[in-house]
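Me: Here is a model I'd like to understand better. Please take a close look at one part of it for me: the aromatic pairs and their surroundings.

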Amino acid sequence: MIRHIVFFSAKAGGSVERIRDELALLTRIPHAAHLEITLNRKSDPLSKEIDVVVYGEFKNDAALGAYKAHELYAEAIKRVRPLRELRLAADYDVATAVSRLESDS
């Protein structure tokens, strides 16, 4: 499984809710096994720069590629680019992640 995480910050004076609402278009793309678009709670005292988070899970690289190639993905980029200051993205294969399950404790 591939996890796709993208962080956005709004331009100064911009609408965080509008960015989230425009990114909600991504949920209509059929290739994700799971997809969430949400506002950052900003509960970490050392980092409050991120406003919106996109979190997706994809069966494999082909599914992630199909998601990114979809016309609604391009439309979401077109709508959000003028509203955002920062965009950071990471994709990783769960099979290569070092992890600890709750049952491991």
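Reply: Happy to! There are 2 aromatic pairs in this structure, where rings of Phe, Tyr and Trp (its six-membered ring) pair if their centres lie within 6.5 Å, with planes under 30 degrees apart called stacked, over 60 edge-to-face and the rest tilted. The model is predicted, so local features need pLDDT of at least 70 and side-chain atom pairs pLDDT 80 or more, while totals for chains, interfaces and linings use all residues. Residues are numbered from 1 along each chain as its sequence is written, and side-chain values use heavy atoms, without hydrogens or water.

In one pair, the ring centres of F58 and Y67 are 4.8 Å apart and the planes meet at 55°, so this pair is tilted. In the other, Y67 and Y73 have centres 5.3 Å apart and planes at 65°, which makes the pair edge-to-face. Ring pairs thus join F58, Y67 and Y73 into a cluster.

How buried or exposed are these rings? F58 and Y67 are both buried, a word used for under 20% relative accessible area, with exposed meaning over 50% and partly exposed in between (1.4 Å probe, protein chains only). Y67 has a relative accessible area of 0%, and Y73 is buried too, at 11%.

Y67 also belongs with L23, L26 and V54 to the residues with the most contacts inside the largest nonpolar core, which has 23 residues. Such a core is a set of buried Ala, Val, Leu, Ile, Met, Phe, Trp, Tyr and Cys residues joined through side-chain atoms within 4.5 Å. The elements that give two or more residues to it are β1 (2-10), α1 (16-23), β2 (34-39), β3 (52-58), α2 (61-69) and α3 (71-80); helices (H or I, at least four residues) and strands (E, at least two) are DSSP runs, numbered from the N terminus.

L26 touches two of the tyrosines, Y67 and Y73, and its other contacts (heavy atoms within 4.5 Å), leaving out residues up to four places away in sequence, include L35, I37, V54, L72 and A76.

Now to the helix that holds Y73. Buried in α3 are L72, Y73, A76 and V80. Down the axis of α3, these buried residues fall within an arc of 105°, so they line one face of the helix; the arc is that of the directions from the helix axis to the C-beta atoms. Among the elements covering them are β1, α1, α2 and β4 (84-93). E71 and K78 are exposed, on the face of α3 turned away from its buried side.
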